[in-house]
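Open the model in your viewer and keep the selection panel handy. We will go stop by stop.

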Amino acid sequence: MGAVFAKSDSPSPDRSPSPDWLNLPCPVKYDEIQRENIMSLKPELFEGLRFDFTKPLNQRFSLSHSLFMGSVEVPSQGAQIIKVPAAHYEFGANLIDQRMMMLIGRILTDGRMSARIKYDFTDRFSVKVNAQLTNEPHFSQGMFHFDYRGKDYQTQLQLGNNAFYGFNYIQSVTPTVALGGEVFWLGHQRKSGIGFAGRYNTDKVVATGQFASTGIVSLTYVQRVSDKVSLASDFLYNWNSKEATTSVGYDYLLRQCRLRGRLDTNGCIAAYLEERLNLGVNFLLSAEIDHWKKDYKFGFGMTVGE
Amino acid sequence: MVAPSAAPQKAGAGASGGKGWGRGMNFGSVTGTSLTDKARRAASNTARFSQKLLWSTGKAAWIAGTTFLILVVPLIIEMDREQQMVDMESQQAGLLGAPPLPGSPPAVK
């Protein structure tokens, strides 16, 4: 308040140390505050072969075909890792209108189907729908997101099946710091939770901290060393199991390729290389090694189109 | 008194007869119990320890090597390629852009 008065008292706000408190920038959405970290540290690693092909039919409409052959890990209670060979083909249709609408549908040969809809009613209010249908019972899900973007805040209401309700709000406090919170209620499991998050964002550094009453503390830090290189690290602590994990990684965005590497305290190392062979043709190499479990995953793939 | 009586017993148990042989061995072992046994124990300990050390260094080397292969080798290769491309481009720019560069200042003036 005092700062606001001080600012309005001084006729020429040329001094950089006192920011314009009434014109703070709009923060990042609450569920996307860790996006830089996720982009650098969590690439889509896979094992086996992947081939993705996207064919645009006109400016808005495109079809996508994607093939996966490899092995998929089956969750097991023992220390041993069980892998099952798997292969599927995915057909997708995308309708993307730059201005207001996005419709994406996917269908897999094993019977899974998913749809995503995003519709902007105005430039501030938008609705997102995610739906997933499977042939296993109780795994299908649907989710509605209602987003409202204010001048220096963002808020979102979430409604899902199994009586899931959530609400979050994030507000810019200074030009670089945004603070937010969320509440959610899982009706079927009779669980509720509350979470808080903060994000510090400058041109060079993105640091976030998040805490939820489910017992998860998550801290992330991304440092942009140059426009090509960024280094990222994160720390995750689970209060219930008293387990902590830290990982560090690099993200190199070169002219012909993007290379991401990660090393974490579980003895797991991973690297993901996207090499651009030609315009619209990308070659993927994915590697993940778990030294303690002796689990080695290597994959290669191609992406054509886009 | 006790030691000589105990020694033949031991020899008899160990070599089961064969008096001369047993006595010879006996004599050696009586003085050497402390020496050869100690040496043998030390040797076996050293062997076991060095085996363990070798094995764990081998494992550490394996982990370090594979980690290096996955995380650092691709980075070196890609950065080298990038550098080569930059060099080639600057060379091309030098070849193509060299005549205009000295020529352009007079053109501006």
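Start with chain B. Along the sequence, its pattern reads α-α-α-α. That makes four helices and zero strands. Now colour chain B by burial: of its 109 residues, 11% count as buried.

Next, select chain A and colour it by confidence. This is a predicted model, and the mean pLDDT of chain A is 89. In chain A, 94% of the residues reach 70 or more. Then pick residues 1–15 of chain A, where the pLDDT is below 50. Beyond near neighbours in sequence, that stretch has five contacts in the model.

Now show both chains together. How many residues does each chain bring to the contact? Chain A gives 22 residues and chain B gives 15. Between them, about 1600 Å² is buried. Carbon and sulfur atoms give 66% of that area.

Stay at the interface and look for charges. Four salt bridges are found across it by the rule. For one of them, select E82(B) and K228(A). Their closest N and O atoms are 3.3 Å apart. Switch to polar contacts: six residue pairs across the interface qualify, with both residues at pLDDT 80 or more.

Last stop: the face of chain A that touches chain B. Select β15 (243–253), β16 (257–264), β17 (268–278), β18 (281–290) and β19 (295–304) of chain A; these are the elements that give two or more residues to this side. Which kinds of residue line this side: nonpolar, polar or charged? The residues divide into 15 nonpolar, three polar and four charged.

Notes
Residues are numbered from 1 along each chain as its sequence is written. Chains are lettered from A and ligands numbered from 1 in the order in which they are written. This is a predicted model: local features need pLDDT of at least 70, side-chain atom pairs count only at pLDDT 80 or more; totals for chains, interfaces and linings use all residues. Side-chain values use heavy atoms; hydrogens and water are left out. Contact means heavy atoms within 4.5 Å. Buried area is the accessible area (1.4 Å probe) that two parts lose on being put together, summed over both. A salt bridge is a side-chain nitrogen of Lys or Arg within 4 Å of a carboxyl oxygen of Asp or Glu. A polar contact is a pair of N or O atoms within 3.5 Å; within protein, one must be able to donate a hydrogen and the other to accept it, and residues adjacent in sequence count only if both atoms are side-chain atoms. Ala, Val, Leu, Ile, Met, Phe, Trp, Tyr, Cys and Pro count as nonpolar, Asp, Glu, Lys and Arg as charged, and the others, Gly among them, as polar. pLDDT is the predictor's confidence in each residue, from 0 to 100. Buried means under 20% relative accessible area, exposed over 50%, partly exposed in between (1.4 Å probe, protein chains only).
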